[in-house]
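Here are some friendly notes to read alongside the model. Take them one at a time, with the structure open beside you.

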Amino acid sequence: MFSAIARWYDLNNTVLSLGLHHRWKREAVDMTHTKPGDRVLDLCAGTCDLAILQAERVGADGRVTACDLNAEMLEIGRQKVAKRGYADRITCVLGNAESLQFEDKTFDALTVAFGLRNVTHLSMALAEMHRVLKPGGRAVCLEFSQPTNPAFRKTYDFYSFTLLPKIGTWISRDRTGVYQYLPDSIRHFPAQDRFAAMWRDTGFHGVRYVNRSGGIVALHIGVK
């Protein structure tokens with residue numbers, strides 16, 4: 001499904017979020033507290049939006065690894081990286097979030113945006129995130145979540161399950177059903193408190209989350 005919409009993915013994100021995804025992603029990167037010279041993993045990197053933001057922060061002496069399971073999405077990201085002149089800072093690699101190829105304690109920080117709800121075994125992905133971080137390293141996850149206001153949730157559900165699939169499918173000319181899958185995946189993903197508890201069970205410390213846009217998305221933070 002993601003292979004089929006790769007070339008339209010960025011445009012659809014901007015249209016369907018009314019441009020808000022750029023703000024959410026910048027805040028996620030800010031929360032990692034990355035600094036010049038750091039090594040950062042952007043997991044489920046997709047088209048490399050967060051990897052590019054991290055490259056700006058780590059500077060010429062830092063390195064960012066953009067890891068994703070989908071080759072077509074990552075190729076779009078690689079083109080964006082080259083266009084921004086960050087090919088010397090960002091390495092794009094294929095990888096599975098449930099079984100990462102990196103050694104223990106490799107990265108100073110880790111980001112993952114709109115990717116973990118596509119993982120089959122969420123607890124395995126969280127364990128891998130914890131494993132590859134250095135002690136003191138911060139992980140930040142930006143993910144769609146559950147709106148906190150019941151009235152707003154009804155409006156959001158109408159948008160997600162009725163309008164979003166139609167708009168996304170029309171823009172991308174998709175025939176795979178991915179824009180029906182996406183809202184379904186949001187509904188089945190753990191709500192904020194339950195997801196935070198999973199982070200604590202994995203071994204992360206200082207776990208917290210902040211809602212944005214009424215709970216449409218949440219930013220989860222944990223430290224190894």
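1. Start with strands β1 and β2 (residues 63-68), which pair in the parallel sense through 5 bridges. To find the register, look for R39, whose bridge partner in β2 is R63. Between these two strands the chain passes through helix α4 (residues 49-58), and the resulting β-α-β crossover is right-handed. Please keep in mind throughout that this is a predicted model.

2. Strand β1 covers residues 39-43, and 4 of its 5 residues are buried. It also runs parallel to strand β4 (residues 107-113), to which 4 bridges join it. Two pairs help you line these strands up: V40 has A109 as its bridge partner in β4, and L43 stands opposite V112.

3. How many of the residues of β4 are buried? The count is 6 of 7, so this strand is largely enclosed by the rest of the structure. β4 also pairs with β5, again in the parallel sense, over 6 bridges. Here A113 of the pairing stands opposite L142 in β5. On the way from β4 to β5 the chain goes through α6, in a β-α-β crossover that is right-handed.

4. Now step back to the whole sheet. It is open, has 7 strands with mixed pairing, and follows the order β3-β2-β1-β4-β5-β7-β6. Which strands stand at the edges? They are β3 (90-94) and β6 (205-212); each has a single partner strand, so one side of each is left without a neighbour in the sheet. On average, neighbouring strands are turned by 15° against each other, direction ignored.

5. The antiparallel part is worth a look too. β6 pairs with strand β7 (residues 217-223) in the antiparallel sense, over 6 bridges. Within this pairing, N211 has A218 in β7 as its bridge partner. As background, strands of a sheet pair through backbone hydrogen bonds, either parallel or antiparallel.

6. Helix α6 (residues 122-132) packs on the sheet, where it touches β1, β4 and β5 (133-144). The direction of α6 makes about 145° with that of β5.

7. In the loop between β4 and α6 you will find V119. Is V119 buried or exposed? Its relative accessibility is 14%, and buried means under 20%, so V119 counts as buried. Leaving aside neighbours within four places in sequence, V119 is in contact with A97, E98 and A125. For a sense of distance, the C-alpha atoms of V119 and G77 are separated by 20 Å, while the two residues are 42 apart along the chain.

8. Last comes helix α3 (residues 20-31), which offers a simple check. With 12 residues at 1.5 Å a residue, α3 should span 16 Å, and its end C-alpha atoms are 17 Å apart, which agrees. The buried residues of α3 are H21, W24, K25, A28, V29 and M31. Why do they lie on the same side of α3? They cover an arc of only 160° around the axis, which puts them there. The general rule is that an α-helix has 3.6 residues a turn, so residues three or four places apart point the same way. After α3 comes H33, with a positive phi near 60°.

Terms used:
Residues are numbered from 1 along each chain as its sequence is written. This is a predicted model: local features need pLDDT of at least 70, side-chain atom pairs count only at pLDDT 80 or more; totals for chains, interfaces and linings use all residues. Side-chain values use heavy atoms; hydrogens and water are left out. Buried means under 20% relative accessible area, exposed over 50%, partly exposed in between (1.4 Å probe, protein chains only). Two strands pair if DSSP finds at least two bridges between them. A crossover is right-handed if, with the strands pointing away from the viewer, the path from the first strand over the helix to the second runs clockwise. The expected span of a helix is 1.5 Å times one less than its number of residues. The arc is that of the directions from the helix axis to the C-beta atoms. Axes are lines fitted to C-alpha atoms, for helices over the stretch in contact, and angles run from 0 to 180 degrees between N-to-C directions. Contact means heavy atoms within 4.5 Å.
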